[in-house]
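The following exercises treat helix packing and the surroundings of selected residues. Each task sentence is followed by a solution that proceeds step by step.

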Amino acid sequence: MTDAENDGRESIGRASIFLASGTVVSRLLGFAKAVLLAMAIGSVGSAGADAFGVANQLPNQIYSIVAGGVLSAVLVPTIVRAIVGEDRGRAYINKLLTVALVILIAVTLVVTVAAPFIVNLYLSSGDIDPDARALATAFAYWCLPQVLFYGLYSLLGEILNAHKLFGPFTWAPAVNNIIAMAGLIAFMVIFGADAAGTRLVTEWTDGMILVLAGSATAGIVAQALILFLFWRRIGLSYRPDFHWRGIGLRATGKLAGWTFGSLLLTQLGGLIQTNVAMLASGHGASTATLQSSWLIIMLPHSVIAVSVATAYFTRMAEHVNAGLVETMKEDVARAARQITLLIVLAGAVIAVVALPFSSLFTGTLPQAGQMSIVILAYLGDLLPFTLLFVVQRTFYALGDTRTPFLSTVVQSSLFIALALSCSLLPREWIGVGLAVSISVAGTAQLVVGYLFLRRKIGGLGARPVLLAILRFILAALPAAGVGWLITWALGATVEGGFAVGSALGAIATMAIVATAMAVVYFGILIALRTPDLRGALAPLKRRLGR
């Protein structure tokens, strides 16, 4: 291995560790925010929490349709190509940011005015309480302006990432979470907590809506604007530029078109999911529970997969731009092994501590039991979703957004069919059925996406990756057995038990179980002399050695 390759891997290792640290802090604060939200307005069976959940997810869904994945799919490669020019991409970036702001401001104004229509799309079933629909609309007026700032945050972050300044993008959500947490604390001080979700939708006042939804939006605004403080670090200063011709926006638009189609299909699935989930509102696991459970599942993905893949993605785009496709393929296989090494352990830990974890978001053990079943149903998608993330970023590095669209067609079609069938389930099982549907459809998308990628660039060294994953799973099984014995001994299945009786007990239980399982898991991998373990820990060892 050459010195240049060692330096490259060490650079990626340092970037991944720094990204992961920022993501860990942001996600921990995000969990604290989610727990505070559940304390303030409830989770399982709370119609008010479901109404806020629908409204607060609208900005993200609309932004995703308008520009979401287009930024990471298209702009990182184009910015990487632009910054090798004489002006280091300054002209391109100013033009790009100007056109993006014009589009985002226009879209934000339109969707905010159209809030009642948009809410009715997501709550179209005649079985949904009209008062819940009215409350969701009131929340939406305050939440929909987030569309502009989600877009601004993503665009500024991708520009910083393309210049290899990764930290601000991952640390900025911490600011958002702190502001939102302050708003939730203020809400509980002024209006009282409602962890059991007994507050009726007719009991919500304008002041309550303002404090809850207004503080959520204020956090998103701060998350975006703080990134401007780091522009001078990369030698940029923004000046509006409305001369958009000649910078390749037409070619970028063609690439973005396929990504837009993928996102549109995904959001169509989300639209159907919300309508089906709201049939269970007030009766069992519904929108708020699904959101909280997905947040738990996405914690290891965000901390591990996104941190590693983000650092690798810029490097992969550089390799493709230099014509080094074989080197890029090595990056893909290495990233997949490093990510799954920790993802498998994280999934096993979540499965074991599902009840204590759920108790943080619920008021009773039966409610925690309902939520834990949803978490277990979602877990089937953790590993496929993570590997799909790597596969899709590989396509994007190759400048191919059409093929991921085709795999999304498969995923969305299958999920929509399964989600519609969930409407026939008893209301208390609808949420679980939707989580299983997502896991099944996500696995199918990974298989199709991988087959497309193999056909496009040849072998990816899948056999060593699959053998490594099998080795990780075998090591995780005895670790899970040890973890479950500890969880059971700490009273996770008993009303008022240490593991579920208080937030402190639940957190302590999760920490004890995670530590014990990690010792067993890594002990087995060390005994087996797993080469992937040494490769994954090498960047950390070098960093600590300094």
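**Exercise 1. A helix pair**

Helix α18 (residues 462-489) and helix α19 (residues 503-527) have axes 8 Å apart and pack at an angle of about 150°. Classify the relative direction of α18 and α19, and describe the residues of their contact.

Solution. The model is a predicted one, in which local features need pLDDT of at least 70 and side-chain atom pairs count only at pLDDT 80 or more, while totals for chains, interfaces and linings use all residues. Residues are numbered from 1 along each chain as its sequence is written, and side-chain values use heavy atoms, with hydrogens and water left out.

Step 1. Helices (H or I, at least four residues) and strands (E, at least two) are DSSP runs, numbered from the N terminus. Axes are lines fitted to C-alpha atoms, for helices over the stretch in contact, and angles run from 0 to 180 degrees between N-to-C directions.

Step 2. Angles under 35 degrees count as roughly parallel, over 145 as roughly antiparallel, 65 to 115 as roughly perpendicular and the rest as oblique. The angle of about 150° therefore makes α18 roughly antiparallel to α19.

Step 3. The crossing of α18 with α19 is right-handed (the near helix is turned clockwise from the far one by less than a right angle; anticlockwise would be left-handed).

Step 4. Contact means heavy atoms within 4.5 Å. Residues of α18 in this contact include Phe472, Ala476, Val482 and Ile486, and those of α19 include Ile512, Met517, Tyr521 and Leu525. The contact of α18 with α19 comprises 16 nonpolar residues, two polar and one charged (Ala, Val, Leu, Ile, Met, Phe, Trp, Tyr, Cys and Pro count as nonpolar, Asp, Glu, Lys and Arg as charged, and the others, Gly among them, as polar).

**Exercise 2. A second pair**

Helix α16 (residues 402-422) packs on helix α17 (residues 430-457) at an angle of about 160°, the axes being 8 Å apart. How are α16 and α17 directed relative to each other?

Solution. Step 1. α16 and α17 are roughly antiparallel to each other.

Step 2. Their crossing is right-handed.

Step 3. The contact of α16 with α17 holds 15 nonpolar residues, nine polar and no charged.

**Exercise 3. Three residues**

Is Thr386 buried or exposed, and what does the side chain of Thr386 reach? Treat Ser281 and Val35 likewise.

Solution. Step 1. Thr386 belongs to helix α15 (residues 382-397). Its relative accessible area of 1% places Thr386 in the buried class (buried means under 20% relative accessible area, exposed over 50%, partly exposed in between, with a 1.4 Å probe and protein chains only). The Thr386 side chain reaches the backbone oxygen of Leu382 at 2.8 Å. Beyond neighbours within four places in sequence, Thr386 contacts His301, Ala305, Ile339 and Ile343.

Step 2. Ser281 sits in the loop between α10 (249-277) and α11 (287-321). Ser281 is buried because its relative accessible area is 16%. The side chains of Ser281 and Asp50 make a polar contact at 2.7 Å (a pair of N or O atoms within 3.5 Å; within protein, one must be able to donate a hydrogen and the other to accept it, and residues adjacent in sequence count only if both atoms are side-chain atoms).

Step 3. Val35 lies in helix α1 (residues 3-41) and is buried at 17% relative accessibility. Val35 and Phe361 are 326 residues apart in sequence, yet their C-alpha atoms are 5.5 Å apart in space.
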